[in-house]
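Look at the structure below and keep it in view while reading. The paragraphs that follow take up its aromatic rings, one residue in its interior, and then the place where two chains meet.

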Protein chains: 2
Amino acid sequence: MTGILTETRTVTVERELAHPPEKLWRALTQPHLIAEWLMNNDFAPVVGHRFSLRGEWGGVLDCEVLVVEPSKRLSYTWNHVHEDRAYNLTSVVTLTLTPTAKGTHLRMEQSGFLPEQKQAFHGARHGWQGFLAKLDTLVATLD
Amino acid sequence: MTGILTETRTVTVERELAHPPEKLWRALTQPHLIAEWLMNNDFAPVVGHRFSLRGEWGGVLDCEVLVVEPSKRLSYTWNHVHEDRAYNLTSVVTLTLTPTAKGTHLRMEQSGFLPEQKQAFHGARHGWQGFLAKLDTLVATLD
């Protein structure tokens with residue numbers, strides 16, 4: 001017998017933020033703040049909670065919370081159902097916060113891209129850079 | 001007998017551009033230019049051509065070209081299939097170009113939003129303002 005190998009790829013984007021993890025955590029977990037830097041949503045920081053992320057142009061992602069470790073780690077599925085395999089995305093986003101002398105090191109990993117999903121893979125890399133830049137700007141405005 | 005009335009709403013965004021319609025038309029119909037202001041795509045200005053618009057975060061729209069009147073009018077479907085009716089979008093985008101003394105008046109209409117799709121409706125209004133601003137910036141860089 002031979003096993004079936006499903007090779008997937010992971011996008012990793014890291015950013016140093018001049019804010020403590022606790023402050024960053026709020027922006028990652030409060031729906032009205034998530035809407036500011038990511039997308040409209042009905043998120044709740046509860047493992048098993050299902051929510052959607054809604055793009056301004058009508059696209060919708062189906063998500064489920066997997067991991068909630070306050071101020072340390074947040075993980076959720078990031079799925080987009082499509083009949084065409086090239087566009088059917090089943091991925092997991094994990095955000096890891098590590099305190100540093102100057103604030104927080106944020107690591108975003110999105111795993112699950114199939115080899116043929118090159119555009120989604122490259123799009124995610126570019127997209128997350130933009131999302132995290134907006135997150136940084138937003139957190140700077142919080143009390 | 002009574003008919004079934006399906007009420008839908010239309011988002012309209014207009015913008016004055018300091019460029020002639022012919023130049024704007026290129027940005028509306030060439031895939032590498034569309035990618036700059038809207039999304040990655042496999043568009044072709046041929047009635048009946050099916051194409052997709054792919055968001056950086058993994059979302060995908062299914063589209064079909066409906067109307068191609070060079071430098072005057074372009075229309076295509078802008079659909080997002082989702083099992084939840086609130087997120088299942090079946091819409092039509094129509095871009096109408098009218099020459100003015102200073103350039104072009106661009107009118108974007110997106111029709112087909114159901115009454116319960118309030119967030120998609122408001123998101124589209126905001127989203128198109130951003131898309132058309134990027135389009136304006138892009139066209140300014142073309143020869």
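A search for aromatic pairs across all chains of this predicted model finds 15 of them in the whole structure. One of them joins Trp78(A) and Trp128(A), whose ring centres are 5.2 Å apart and whose planes make an angle of 40°, a tilted arrangement. The two residues come from distant parts of the chain: Trp78(A) belongs to strand E5 (residues 73-80) of chain A and Trp128(A) to helix H3 (residues 118-141) of chain A, with their positions 50 residues apart in sequence. Is this pair of residues buried or exposed? Trp78(A) has a relative accessibility of 0%, so it counts as buried. Trp128(A) has a relative accessible area of 1%, and therefore it is buried too.

Another aromatic pair is in chain B, where Phe43(B) and Phe51(B) meet edge-to-face, 5.1 Å from centre to centre with 85° between the planes. Both Phe43(B) and Phe51(B) are buried. Back in chain A, ring pairs connect Trp37(A), Trp78(A), Trp128(A) and Phe131(A) into a cluster.

Next, consider Leu106(B), a residue of strand E7 (residues 104-113) of chain B. Its relative accessible area is 0%, so Leu106(B) is buried. Which residues does Leu106(B) touch, leaving out those up to four places away in sequence? Among them are Val13(B), Leu17(B), Leu24(B), Leu95(B), Leu97(B), Leu132(B) and Leu135(B), and the list also includes Glu14(B), Arg15(B) and Thr96(B). Leu17(B) is 89 residues from Leu106(B) in sequence, yet their C-alpha atoms are 7.3 Å apart in space.

The last topic is the interface. Here 25 residues of chain B are in contact with 25 residues of chain A. Together the two chains bury about 2,100 Å², and 56% of this area is on carbon and sulfur atoms. Of the area that chain B buries against chain A, 38% comes from Glu56(B), Trp57(B) and Tyr87(B), more than from any other three residues.

Which elements of chain B each supply at least two residues to the side that touches chain A? They are strand E3 (50-54), strand E4 (60-69), strand E5 (73-80) and helix H3 (118-140). H3(B) gives the most, with seven residues. By type, the residues on this side of chain B are eleven nonpolar, eleven polar and three charged. The rule finds zero salt bridges across the interface of chain B and chain A, but 18 residue pairs there are in polar contact.

Notes
Residues are numbered from 1 along each chain as its sequence is written. Chains are lettered from A and ligands numbered from 1 in the order in which they are written. This is a predicted model: local features need pLDDT of at least 70, side-chain atom pairs count only at pLDDT 80 or more; totals for chains, interfaces and linings use all residues. Side-chain values use heavy atoms; hydrogens and water are left out. Contact means heavy atoms within 4.5 Å. Buried area is the accessible area (1.4 Å probe) that two parts lose on being put together, summed over both. A salt bridge is a side-chain nitrogen of Lys or Arg within 4 Å of a carboxyl oxygen of Asp or Glu. A polar contact is a pair of N or O atoms within 3.5 Å; within protein, one must be able to donate a hydrogen and the other to accept it, and residues adjacent in sequence count only if both atoms are side-chain atoms. Helices (H or I, at least four residues) and strands (E, at least two) are DSSP runs, numbered from the N terminus. Ala, Val, Leu, Ile, Met, Phe, Trp, Tyr, Cys and Pro count as nonpolar, Asp, Glu, Lys and Arg as charged, and the others, Gly among them, as polar. Buried means under 20% relative accessible area, exposed over 50%, partly exposed in between (1.4 Å probe, protein chains only). Rings of Phe, Tyr and Trp (its six-membered ring) pair if their centres lie within 6.5 Å; planes under 30 degrees apart count as stacked, over 60 as edge-to-face and the rest as tilted.
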